[in-house]
Amino acid sequence: MAGAYATIANDGVYKEPTFYRKIERKNGEVVVKPKQRNKRVFSKEVAYILKEILTQPVLRWKWNGNLL
């Protein structure tokens, strides 16, 4: 689910989720670095529309829950 919302935030580019950025030794040598795959799954325009659809209900409510 988080990957789906992240794809919208990344302008339509799905980035394979990883649980770490890198593992390195004390001397700074990188032992393991994830190979994160990126794939465009929809256009920037579609991502923009989805962001607007998802934020509009939030923007219509004040913090106390009353309609504007």
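Trainee: Is E16 buried, partly exposed or exposed?

Mentor: Let's read it off the relative accessibility. E16 comes out at 24%, so E16 counts as partly exposed. Keep in mind that we're looking at a predicted model here.

Trainee: Which residue does E16 pair with in a salt bridge?

Mentor: The partner of E16 is R37, and their closest N and O atoms sit 2.8 Å apart. E16 belongs to the loop between strand 1 and strand 2 (23-24), while R37 belongs to the loop between strand 3 and strand 4 (38-40), so this pair ties together parts 21 residues apart in sequence. R37 itself is exposed, with a relative accessible area of 58%.

Trainee: Let me zoom out for a second. How many helices and strands does the protein have?

Mentor: You'll find 2 helices and 4 strands. Going along the sequence, they follow the pattern α-β-β-β-β-α.

Trainee: And how should I read the pair of helices?

Mentor: Two packed helices are described by the angle between their axes and the distance between those axes. Here, the axes of helix 1 (residues 2-9) and helix 2 come within 8 Å and cross at roughly 115°. That makes helix 1 roughly perpendicular to helix 2.

Trainee: Which residues of helix 1 and helix 2 meet?

Mentor: From helix 1 it's Y5, I8 and A9; from helix 2 it's A47, L50, K51 and L54. You can also look at C-alpha separations: K44 and A9 are 35 residues apart along the chain, yet their C-alpha atoms are separated by 9.9 Å. K44 sits in helix 2 (residues 44-59) and counts as exposed, at 52% relative accessibility.

Trainee: K51 turned up in that list. What does K51 form a salt bridge with?

Mentor: With D11, and the closest N and O atoms are 2.8 Å apart. D11 is in the loop between helix 1 and strand 1 (13-15) and K51 is in helix 2, so the pair ties together parts that are 40 residues apart in sequence. For exposure, D11 is partly exposed with a relative accessible area of 29%, and K51 is partly exposed at 29% too.

Trainee: How many salt bridges does the structure hold?

Mentor: It holds 4. Another one of them joins E24 to K22, where the closest N and O atoms are 3.5 Å apart. E24 counts as partly exposed at 41% relative accessibility, and K22 is partly exposed with a relative accessible area of 45%.

Trainee: Let's turn to burial. What share of the 68 residues is buried?

Mentor: Buried residues make up 9% of the 68. To call a residue buried, you want its relative accessible area under 20%. Take T7 as a case: at 4% relative accessibility, T7 counts as buried.

Trainee: Where does T7 lie, and which residues does T7 touch?

Mentor: T7 lies in helix 1. Leaving out residues up to four places away in sequence, T7 touches G12, V13, Y14, V41 and F42. Set that beside A4, which also lies in helix 1 but is partly exposed, with a relative accessible area of 46%. The C-alpha atoms of A4 and K15 are separated by 9.5 Å, with their positions 11 residues apart along the chain.

Trainee: How do I judge how far along the sequence the contacts reach?

Mentor: Look at the sequence separation of the contacting residues. Of the contacts in this protein with a separation of 6 or more, 43% involve residues 24 or more positions apart.

Trainee: Now the outside. Which residues form the nonpolar patch on the surface?

Mentor: F19, Y20, I23, V31 and V32 do, with about 510 Å² of accessible area together. V31 is a handy one to click on: V31 lies in strand 3 (residues 30-32) and is partly exposed, with a relative accessible area of 44%.

Trainee: How much area does the whole protein expose?

Mentor: About 6300 Å², and carbon and sulfur atoms supply 59% of that.

Conventions. Residues are numbered from 1 along each chain as its sequence is written. This is a predicted model: local features need pLDDT of at least 70, side-chain atom pairs count only at pLDDT 80 or more; totals for chains, interfaces and linings use all residues. Side-chain values use heavy atoms; hydrogens and water are left out. Patches are made of residues with over 30% relative accessible area and no salt bridge: like charges are joined within 9 Å, nonpolar side chains (Val, Leu, Ile, Met, Phe, Trp, Tyr) within 5 Å. Accessible areas come from the Shrake-Rupley method with a 1.4 Å probe; for residues, only the protein chains shown count as cover. A salt bridge is a side-chain nitrogen of Lys or Arg within 4 Å of a carboxyl oxygen of Asp or Glu. Buried means under 20% relative accessible area, exposed over 50%, partly exposed in between (1.4 Å probe, protein chains only). Axes are lines fitted to C-alpha atoms, for helices over the stretch in contact, and angles run from 0 to 180 degrees between N-to-C directions. Angles under 35 degrees count as roughly parallel, over 145 as roughly antiparallel, 65 to 115 as roughly perpendicular and the rest as oblique. Contact means heavy atoms within 4.5 Å.
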